[in-house]
Amino acid sequence: MRLSRYFLPVLKENPAEAQIVSHRYMLRAGMIKQQAAGIYSWLPLGLRVLRRIEAIVHDEQQRAGHIPLLMPTLQPADLWRESGRYDDYGAEMLRIRDRHERDMLYGPTNEEMITDIFRAHVESYKALPLTLYHIQWKFRDEIRPRFGVMRGREFLMKDGYNFDVDKPAALHAYNRHMVSYLRTYERMGLTAIPMRAASGPIGGDNTHEFLVLAATGESEVFYDDRVTALRLGERQIDYDDRAQVAAVCEEFTTLYARTDETHDEAAFAAVPQAHRKVGRGIEVGQIFYFGTKYSEPMGATVVTPEGARVPVHMGSHGIGVSRLLGAIIEASHDERGIIWPEGVTPFPVGIVNLKQGDAATDAACGAIYASLRAKGLEPLYDDRDERAGAKFATMDLIGLPWRITVGPRGLAAGTVELTARRTGEAEEMSPEAAVARVAAIYAAI
Ligand code: ATP
Ligand code: MG
């Protein structure tokens, strides 16, 4: 993408309404624009990151054997009357009436609708196990939308629902979600710690939240800091292997890690003092097992091998897709701007032309641009007629992990500069070597 033809409305001044760094940088980098309290337009740069995050979520869900579908944002109230939640949900639910006076709502979550799909089409235990998920906009009329996309009213969520014949099978689905979530967050450059949680309006006893540690997080968290060193890394997971998946969950949930809702002072006191930490965290996901809470009242049953008709065991599992942008920025930035992890960056690399209009420099930039694109990497090429300082400031603000700087002096010696956004370290090399290095970095992730 050539910056001269792109739409990147960066702001010079700090927007007064933004209280936390991720909100400030998302506005300044021209990623989002607020349209009403907690409701945002996604400008081109923000949309590119959102799509990257969605792609990772899809990839890891499908790796775990979960199947995508797409349910609508608007739902009929009658489904929610069947489960009893239409009255229970309260003021967070946006209720709408259509021209025929039918009660509708903008979905805050989809347990009822997915159960309706299941009961319409599934009869036998042979169709199980089954996990269906989608990535769809939700609306919750939050009392205090704030911090930009962190607590919006309209926000993008991945929500998945498992259907299983009995509790052990459903707990395996729960564990599968935990492991797939750990891998999802790691690919985004995040450490998200599973913490025992309280269940709230979804219902059920088994539930974990995934928290990214950050001073601006809304949850108070209590943890053994050795939990922050755990990594899934490159290990191969067979998602059908119940014992293997359960062992990974045990590894990640044995050390003490809880939110204030489930915190237990006595158990925390048993953590060695040097490892006992109290901090704050951002909830980027939550998984639940809730058994037959929806299948029973809504009649979602299967016939077992013995010929009995039983309600299916279910769970629901959510990832805050749009909130993740904020969480990643909170975890990865400096005083100059965002530092995107390679897994989610809007563009893999920026090209800065230090002397726009100089024939040799323009040609060298054009060649680097073309060869990166030929390798399937879309660079952001700053080809504007601007001072070098302004170009660097824009690149630093929008946080591309790598920058190739091209100027007449370097070119005379046959070199360009490759700079890492995170460390600021710069290395001179030939244009071909810079392209090859960037390609190798992205081939490895
Ligand atoms: P919170 O406690 O932050 O209000 P929740 O527990 O009500 O969230 P869930 O029903 O668990 O939310 O939804 C799954 C995920 O969706 C959450 O873990 C969070 O990452 C994200 N999410 C929930 N509410 C919002 C919101 N208002 N804005 C952005 N993301 C949200
Ligand atoms: Mg939650």
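**View 1. Lining of the largest cavity in the predicted model.** The largest cavity is lined by Leu-182, Tyr-185, Glu-186, Leu-190, Thr-191, Ala-192, Ile-193, Pro-194, Val-227, Leu-230, Arg-231 and Phe-252. A cavity is a set of points, on a 1 Å grid over the protein atoms alone, where a 1.4 Å probe fits but cannot get out, and lining residues have an atom within 4 Å of a point. The volume is about 100 Å³, taken as the space filled by probe spheres set on the points, with grid points joined across faces, edges and corners. Helix H6 (167–187) and strand E9 (192–196) each give at least two residues to this lining; helices (H or I, at least four residues) and strands (E, at least two) are DSSP runs numbered from the N terminus. By class, the lining holds nine nonpolar, one polar and two charged residues. Ala, Val, Leu, Ile, Met, Phe, Trp, Tyr, Cys and Pro count as nonpolar, Asp, Glu, Lys and Arg as charged, and the others, Gly among them, as polar. This is a predicted model in which local features need pLDDT of at least 70 and side-chain atom pairs count only at pLDDT 80 or more, while totals for chains, interfaces and linings use all residues. Residues are numbered from 1 along each chain as its sequence is written, chains are lettered from A and ligands numbered from 1 in the order in which they are written, and side-chain values use heavy atoms, with hydrogens and water left out.

**View 2. The second largest cavity.** Two cavities of 30 Å³ or more are counted, and the second largest has a volume of about 50 Å³. Its lining consists of Gly-38, Tyr-40, Trp-42, Trp-137, Gly-148, Val-149, Gly-152, Glu-154, Phe-155 and Ser-322. Strand E2 (39–42) and E8 each supply at least two of these residues. Five of the lining residues are nonpolar, four polar and one charged.

**View 3. The largest pocket.** A pocket is an open set of grid points with protein on both sides within 12 Å along at least five of seven lines. About 960 Å³ of space lies in the largest pocket. Of its 43 lining residues, Arg-140, Arg-151, Glu-283, Gln-286 and Arg-323 lie nearest the centre. E13 supplies the largest share of the lining, seven residues. The lining comprises 15 nonpolar, 16 polar and twelve charged residues.

**View 4. Ligand 1 and its contacts.** Ligand 1 sits in the largest pocket, meaning that more than half of its atoms lie within 2 Å of the pocket's grid points. Strand E8 (154–164) and strand E13 (276–291) are the elements that give two or more residues to the shell around ligand 1. Of the 14 residues around the ligand, Arg-140, Glu-142, Arg-151, Gly-152 and Glu-283 come nearest; a residue is near if one of its heavy atoms lies within 4 Å. Polar side-chain atoms of Arg-151 and Arg-323 lie 2.7 Å and 3.0 Å, respectively, from an oxygen atom of ligand 1. A backbone N or O atom of Met-150 lies 3.4 Å from a nitrogen atom of the ligand. The protein covers 84% of the 580 Å² of accessible area that ligand 1 has on its own, by the Shrake-Rupley method with a 1.4 Å probe.

**View 5. The second largest pocket.** The second largest pocket has a volume of about 530 Å³. Among its 18 lining residues, Arg-183, Arg-187, Gly-233, Glu-234 and Ile-445 are closest to the centre.

Definitions and conventions
A polar contact is a pair of N or O atoms within 3.5 Å; within protein, one must be able to donate a hydrogen and the other to accept it, and residues adjacent in sequence count only if both atoms are side-chain atoms.
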